[in-house]
Amino acid sequence: MDIHADHELPLRGQRPTAVTIGAYDGVHLGHRAILASVRERAARDGLETVVITFDRHPAEVVRPDSAPRLLTDLEQKLELLATTGIDHAVVVRFDEERAKEPAEDFVEEVIGAGLAARQVVVGEDFHFGHLRQGNVALLTEMGHRLGFEVLGHHLVGADGTDARDDTQVSSTAIRRALVEGRLADANAMLGRPHEMRGPVVAGDRRGRELGFPTANVAVPERMLMPADGIYAGWLGCYDPDDGSDRSGPDQPGPVQHDTAWWPAAIYVGHRPTFYDEGAGVLLEVHVLDFEGDLYGRHVRVRFTDRLREDRRFDDVEALAEQLRRDVDEARRLLTASVPVGES
């Protein structure tokens with residue numbers, strides 16, 4: 001998949017296109033259903049495929065105080081989009097000027113003149129432009145004049161079929177599931193394990209003192225952390241500056257060959273046994289049967305199973321005993337599963 005900035009439009013040598021537009025946070029199963037429709041229409045009409053997305057979530061500009069935490073940052077989003085068979089991604093810089101742009105101007109300049117669109121596929125509830133005044137009806141009306149057809153795609157459930165409002169796959173529904181501790185539901189809607197990324201930084205070595213050394217992962221505040229608790233999953237190291245590492249380890253596409261993955265017990269929480277309320281949330285990963293130094297390494301943490309809620313213990317001995325049980329359970333679950341990155 002070729003990646004372009006919006007100021008590069010029109011693309012040199014580009015044929016007419018089938019286009020979809022959206023924030024695509026998470027690139028979940030609902031998104032993939034829309035992208036499949038884009039590919040089908042493009043194959044039928046001999047078009048190139050394009051996904052238009054944004055360099056940040058539009059809500060971060062339009063309503064920053066209530067903007068949602070993200071399921072994927074821009075880098076991971078583009079990596080996931082690259083696994084879907086789409087030819088091009090156009091990343092639109094979303095700033096205050098863009099937020100005030102009339103929906104009609106965006107359609108004419110980007111979809112029409114910029115991409116020579118012949119097919120446009122979006123979710124049936126899609127809105128865009130200043131004050132969200134653009135929608136499927138506006139796209140359809142302008143398409144008659146600019147020469148493109150519009151499909152407002154039905155929203156789907158985790159099984160890929162049309163779904164009612166309360167069972168539809170959406171980024172909002174996935175965020176809600178993660179916050180409520182329903183990891184299995186979130187992963188089912190994502191079609192993959194939820195993932196967090198960041199560098200390993202120095203901590204206060206509480207885990208080492210308890211016999212369970214952990215890698216403390218610094219996750220950007222704008223990313224959505226799952227609910228506090230203990231999880232089983234996988235930790236993988238990667239080089240963020242290696243341009244060849246453009247897709248997830250269990251996704252098709254060019255992945256750097258030295259990516260290593262280890263089973264892990266994962267902690268998300270505020271460590272209530274040691275700290276009063278108000279302590280910041282931490283992501284700590286105990287890598288099973290690992291000896292080595294991860295400080296400074298960039299890692300991916302994938303959450304496959306939720307073991308229990310976080311809670312306060314009366315003393316460190318009780319906490320250490322529970323951690324031993326947690327690690328044993330994580331080992332049992334992960335030994336019975338296919339390691340991430342393998343098939």
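Among contacts between residues at least 6 apart in sequence, 76% join residues at least 24 apart. The model is a predicted one. The chain contains 10 helices and 12 strands, and 49% of its 343 residues count as buried.

Strand β4, comprising residues 88–92, is mostly covered, with 5 of its 5 residues buried. His88, Val90 and Val92 point one way from the strand, while Ala89 and Val91 point the other way. In a regular strand the side chains alternate between the two faces of the sheet. In β4, the residues pointing either way are all buried. Strand β4 is paired with strand β1 (residues 2–5) through 4 bridges, and the two run parallel. Within this pairing, Ala5 has Val91 of β4 as its bridge partner. Strand β3 (residues 48–54) is likewise joined to β4, in this case by 5 bridges and again in parallel. Here Ile52 stands opposite Val90 of β4.

Helix α3 spans residues 74–81 and is mostly covered, 6 of its 8 residues being buried. The buried residues are Gln76, Lys77, Leu78, Glu79, Leu80 and Leu81. An α-helix has 3.6 residues a turn, so residues three or four places apart point the same way. The buried residues of α3 pack against several elements: the strands β1, β3 and β4, helix α1, and the strands β7 (194–201) and β12 (298–308). Strand β4 is thus in contact with buried residues of α3 and is bridged to both β1 and β3.

Helix α1 covers residues 29–45 and includes His31. The relative accessible area of His31 is 11%, under the 20% limit, so His31 is classed as buried. Leaving aside residues up to four places away in sequence, His31 touches Tyr24, Asp25, Gly26 and Ser171.

Asp25 also takes part in the lining of a cavity. Rolling a probe the size of a water molecule over the atoms shows where empty space is left. A search of the whole structure yields 3 cavities of 30 Å³ or more. The second largest cavity has a volume of about 80 Å³. Its lining is formed by Ala23, Asp25, Phe54, Asp55, Arg56, His57, Leu70, Thr72, Asp73, Leu74, Lys77 and Arg222. By class, 4 of these lining residues are nonpolar, 2 are polar and 6 are charged. One of the charged residues in the lining is Lys77, which is also among the buried residues of α3.

Side chains of opposite charge can pair when their charged atoms come close. The count of salt bridges comes to 24. In one of them, the side chains of Asp6 and Arg98 meet with an N to O distance of 2.7 Å. Asp6 belongs to the loop between β1 and β2 (17–21) and Arg98 to helix α4 (residues 96–99), so this salt bridge ties together parts that are 92 residues apart in sequence. Asp6 counts as buried at 17% relative accessibility, and Arg98 counts as buried at 17% relative accessibility.

A salt bridge is also formed between Arg41 and Glu149, whose closest N and O atoms are 3.8 Å apart. This pair links distant parts of the chain, with Arg41 in helix α1 and Glu149 in strand β6 (residues 149–153), 108 residues apart. Arg41 has a relative accessible area of 18% and is buried, whereas Glu149 is partly exposed at 45%.

For the salt bridge of Glu108 with Arg145, the closest N and O atoms are 3.2 Å apart. Glu108 lies in helix α5 (residues 103–114) and Arg145 in helix α6 (residues 136–146), so the pair ties together parts that are 37 residues apart in sequence. Glu108 is partly exposed, with a relative accessible area of 33%, and Arg145 counts as exposed at 55% relative accessibility. Salt bridges that share partners also join Glu75, Glu79, Glu195, Arg197, Arg300 and Arg302 into one network. Of these network members, Glu79 is one of the buried residues of α3.

Terms used:
Residues are numbered from 1 along each chain as its sequence is written. This is a predicted model: local features need pLDDT of at least 70, side-chain atom pairs count only at pLDDT 80 or more; totals for chains, interfaces and linings use all residues. Side-chain values use heavy atoms; hydrogens and water are left out. Buried means under 20% relative accessible area, exposed over 50%, partly exposed in between (1.4 Å probe, protein chains only). Two strands pair if DSSP finds at least two bridges between them. Contact means heavy atoms within 4.5 Å. On a 1 Å grid over the protein atoms alone, a cavity is a set of points where a 1.4 Å probe fits but cannot get out, and a pocket is an open set with protein on both sides within 12 Å along at least five of seven lines; lining residues have an atom within 4 Å of a point. Grid points are joined across faces, edges and corners, and a volume is the space filled by probe spheres set on the points. A salt bridge is a side-chain nitrogen of Lys or Arg within 4 Å of a carboxyl oxygen of Asp or Glu.
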